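This report looks at cysteine pairing, nonpolar packing and one helix. Please read it alongside the sequence and the structure shown here.

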Amino acid sequence: MLTSCPAHLFCRSTSFVSVLQRLYFVFQRTSFEFSPAGAAVFVGSLLSVWMLLNAVPLSEASKFSKYCFVSRSTMLATVLLYLIAAFKYSQVLAADKVYIADILLESDEQLQALTIMSVFNTTSDLQVTNVNGTCHKVTLVESQLVAVCGIVGNTSCCVGCHGNKRMDDNNVTCNSGCATLCTQRLLPIEVHLNIKAELTATTWDSNKTGQVQTAFGGLNGFQHFKITPLRVYPAFRPIVAEIGSSAPRDPKGNKRRSNRSADFQAVLGCKCQTAKLQQLVSTLETSLGAVIQVHTAGMVTLESAEALVPYMSAPMLKCTFEEMSSGASWKMFGSNDCFELRDGSVVKVDSSCATKEKKSCIVLRLQNITNIWTGTYECGFTVGSIRHTARTHLGVAPLPEHISMKATPSTVDCSNRPSSDIVPVSVTATVQYHNSYQVYWRYKTSRCNTSSGDSLHDGCKIEDSLHDGYKMEDSLQDGYKMAISCQKSREAHFVTVTFKNIKEQEKRARLDIPVIYEGELFCKEDEDLWPNTPDGDTVIKHTCPDGRLGYQSRTCQDNTWQPVFSSCVSKHLLATLEAAQRFIMGLVSSQEAAVDIFEGLRNSSMSDGDSSGKMADLMASIHVLDVMADASESIVLQDNVLPDFINAASNLLEQTWDGVNDSIIHDMSSRYLRSVEGLVKNIRINGNKELSTHNLELKLCPGGNCRLTLFDCTLHLTTLSWVKTVAVKNLTDKLRNNFPNTTPSPVLISATLENAEESPVTIRLDFSKKQQRSPELLCVFWNTVERRWSEEGCVVRRDFDGHRSCLCDHLTPFSSLVALSNTSTESLDVLTTVGLSVSVCALLVFLLSEFAVWSAVVTTNLSHIRHTVMVNIALFLLLAHSTFLASSSLELPDEWCRIMAVSKHLFFLATFAWMLCLSVVLIHQLLLVFRPPRKRLFHVLFGIVGYVCPVIIVGCSYCYCKYTDEPYFDHRCWLVSTAPFQGSLYAFLFPVGAITLTNLFCVVVVIVTLLKSQVPEGSKETAKSILRVLVLLTPVFGLTWLPGFSLHTMDADDRLFLLTAYSFTILNSFQGLSILLTGCFADQKVREELWKIFKKDKKRAEKFNNKLEGKI
């Protein structure tokens, strides 16, 4: 048997228990048979033991009894063992003699002993020569490691020393050849095993306990075994509490033992191999029909930092284990809780530090730790049902997390005091953590130390110092009193308090004290809560309604109190926020904790609560989403958090976002969008799930040609991987709009690819029907970095049916798609509807008038041609205005919208074609006075221009758009422009523009002719003639459309844009009325004939009335 005691400590045996192990070893291999030779051997062995006892005095051996287990009882037990062994083995043949030997090994590592053990285990026969030179063959039957001693202290202080190394008591002292005298303490290594056994069917009894005890008693270095009532060895109480957490409790709260479970504790004097321990556990589980868990301590080496580390420092803990393990983890035990540590903003766990000697390793790095990280840290390596652990305590030199300061009075009012007065002010501070600090106060440039109690400069004096060991949330009445002079000064009055911890680290807070000097503006006291306050200052009160924590603030601006801003957050929501902050730090980063956080957020978002704190709750809720989104970047979240997350996020948009300025709203909305996008991206979703709420809708597509409908928008995407989409309503109006004169679409859609490495794809978003009716759409995405809308990489596409969609050639996890529509002026819409209605009526009157006077006014070829042209102009304009009214006031299906677009294109184009015919008639009448027109020729020519040409132009443009898949019309049932000089709209603008310019040229010719025909003295008559020409010819020549061309070249932000738009609307919507006035009532012949008809009708009416009266 091998006993390893390092550093020159020689132990003859281990303990009485190890002696019993040897006795068991002896009886296991022999049987009892008495013989005379055996008696002789027995007497000889007794004599040998007596000599052994005389060779090592017990007085000397007792010096090592505490740490190497060499005591009188041990020696007597060894004697008894050898006596029994001698008697027993004397019964066998002389050739089969069995010997027991102890080997004492000096080594600095247990690994040396294990190496020798492995040599023994692989060796069967040895050749041994005695003192007489006789050679004997020895067969090794079994070898065991029974005890290991370790060094506590400086293991390198004796390196390089020469001379004697004296051993006395439990110390090894180097006293010769060394620069300094150093002492090392030698302690035996102990491995503690905590065993939790849970039977699957039967109940526990003493026989099963005996089986467990016998099994673990066979381990190397076994020392003792006991049943634990869950009040166990102090270092293992949390472990037993963990593995026995299912046990019931008694009325005092202590855990009771179940009739199917039992807890045991075993102590070994050396380390044991995990494979052997696991084999033992597996055998017991099979024989007992139980589930057994074993936690060990003493097998793992833990390297820790200093016991007390500075505040906001970055300590490192490292655990190593000689064997391979299947898993490793860290835990932290606080005062009441146990936390499993995972990667986060504070916690970094690294398992890649294993070496050839230390096959398992795990490192814990903490960053910027605060008071909450004080506790006991446990590392563990798992192998099957066995967990090897090590523990250490880590303390953090504390500093207050939050310092709340309060001044009494909060404002110094010197408005009614002489400048020589001094106002006493008392300042208090409140902190939450009970620790000892040095506290310093400073008023302006003076400094007061609470440890001194001396008087302060400027009349300030410490009344009471902060007491050590104060309790949580106690208010510290730091008797810091000072006197503020009413002498007017430009310097600010403020007090600074500084807390210093044991590591000489400081944390401070500052409180400004407003002073109202004589003659200055201020807000008067209001409701006893808000005192007199100087203009421009803000008063903060740390008072909140029940169930809320925080503060309220109120600003005095322009001598008037502004509304109270409440930062009082509900306690339940603050607890949720604290849990989220612990989650991201890595302190509580389990999936169950994430579910609880989102559930708490959902419950908080549903509660009505106090309306004064709704904005504070909203800010805190968005902060929770923000923290969890950041945490999801490094911690995997499963899809069981989705329902609560989606419902909570939707509820936040149901609330009213007011009570703060626009910049805060813009910041909150941007953070909200970033958080929702980040969480949707990082939550691991299994399967094709869909969630829909009032303001959020989540849908997934497994890949391929994806077509997803979110609210009233449709998304098209072709991809090879899963795509996650989320639509958000009622958020875009809260985001900062950097596109002036636009209104954002109420729906925002975000898409994320599961495979971020997939090549870029094109995503298409179809706008809703309501958005399709907008005059203009912009395709944009929200840039989360710059916090603004951007058109980069996105365009609006129109198809043949006029539907508009948004195309983007980039898709990132943070991209969003949204539609913005130009602001529509309602007055323009009303003016257009009224004007077109009046024009339709006026054109009907014009056509009826022409029909009534046709035979009377059409007496020559020229008049026939002119009136024919005017009738065609009025007829096509009537049809055009009627179709325009119908398409703009009715919700039409695509087929009818297409018909309306073609009709308007044809009718307006025909109207302008006949206007061109009218200008030709005018030029002919003006320049060829003595050559009357031939009616037949003009009818043929004008028929081609007025009927055939418009049909050809409309037909060609329609066919071109259809067969090239270019859009022909839009949601307004009107022509579209896809790009400069491209689109069906230009099939209207080019011919209309050419006709308008031709007609304008004709008007110029008429004016020039009038100017030449008038004498110089008749300038007034000439001006009247020119004005009359302009009034009469502008509506019938289509010159009112000239402002419309300028609208296509003007910027919407131009000041003249709106004026031009109104001018175009008025002139063209009332064009029918203008034609009635200029083409009918302004014509003398037509007017006279209408008057004659009116007079005839009047006479007929009088005769009819006379006849009717005579009969009566």
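## Basis of the description

A residue is called buried when its relative accessible area is under 20%, exposed when that area is over 50%, and partly exposed in between. The model is a predicted one, and every value below is computed from it. Cysteine sulfur atoms are treated as a disulfide when they lie within 2.5 Å, and by this rule the count comes to nine disulfides.

## A disulfide with one partly exposed end

The sulfur atoms of Cys544 and Cys568 are 2.0 Å apart and form a disulfide, which is left-handed, with -75° about the S-S bond. This pair connects distant parts of the chain that are 24 residues apart, since Cys544 sits in the loop between β34 (538–541) and β35 (548–549), whereas Cys568 sits in the loop between β38 (565–566) and β39 (569–570).

The two ends of this link fall into separate classes of accessibility. Cys544 has 24% relative accessibility and therefore counts as partly exposed, while Cys568, at 0%, counts as buried.

## Two disulfides with buried ends

Cys414 is joined to Cys486 by a disulfide with an S to S distance of 2.2 Å, and the angle of -70° about the S-S bond makes this link left-handed. Distant parts of the chain are linked here, 72 residues apart, with Cys414 in the loop between β23 (412–413) and β24 (422–430) and Cys486 in the loop between β28 (475–485) and β29 (494–500). Both Cys414 and Cys486 are buried.

The disulfide of Cys897 and Cys973, with sulfur atoms 1.9 Å apart, is likewise left-handed, at -120° about the S-S bond. Because Cys897 belongs to helix α18 (residues 894–927) and Cys973 to the loop between α19 (935–963) and α20 (986–1013), this pair ties together parts that are 76 residues apart in sequence. Cys897 counts as buried at 5% relative accessibility, and Cys973 is buried with a relative accessible area of 3%.

## Two further cysteines

For Cys961, the closest cysteine sulfur is that of Cys959, at 9.5 Å, which is too far for a bond; Cys961 is nevertheless buried, at 3% relative accessibility. Cys338, by contrast, has a relative accessible area of 44% and is partly exposed.

## Nonpolar cores

In soluble globular proteins, nonpolar side chains tend to be buried together. The largest nonpolar core in this model has 134 residues, of which Leu193, Phe216, Trp373, Tyr377, Val427, Phe645 and Tyr672 touch the most other members. Helix α12 (residues 614–631) provides the largest share of this core, with eleven residues. A second core, separate from this one, has 60 residues, including Leu836, Val858, Leu985 and Val1003.

The surroundings of Tyr377 can be described in more detail. Apart from neighbours within four places in sequence, Tyr377 is in contact with Leu317, Trp330, Lys331, Met332, Leu341, Leu364, Leu366, Ala390, Arg391, Thr392 and Leu394.

## Helix α7

Helix α7 (residues 206–217) consists of twelve residues and spans 16 Å from its first C-alpha to its last, close to the 16 Å expected at 1.5 Å a residue. Its N-terminal end is capped by Asp205, which has a side-chain oxygen 3.2 Å from the backbone nitrogen of Asn207.

Within α7, the buried residues are Lys208, Thr209, Val212, Phe216 and Gly217. Of these, Phe216 also appears among the residues that touch the most other members of the largest nonpolar core.

Definitions and conventions. Residues are numbered from 1 along each chain as its sequence is written. This is a predicted model: local features need pLDDT of at least 70, side-chain atom pairs count only at pLDDT 80 or more; totals for chains, interfaces and linings use all residues. Side-chain values use heavy atoms; hydrogens and water are left out. Helices (H or I, at least four residues) and strands (E, at least two) are DSSP runs, numbered from the N terminus. Buried means under 20% relative accessible area, exposed over 50%, partly exposed in between (1.4 Å probe, protein chains only). A nonpolar core is a set of buried Ala, Val, Leu, Ile, Met, Phe, Trp, Tyr and Cys residues joined through side-chain atoms within 4.5 Å. Contact means heavy atoms within 4.5 Å. The expected span of a helix is 1.5 Å times one less than its number of residues. A polar contact is a pair of N or O atoms within 3.5 Å; within protein, one must be able to donate a hydrogen and the other to accept it, and residues adjacent in sequence count only if both atoms are side-chain atoms.
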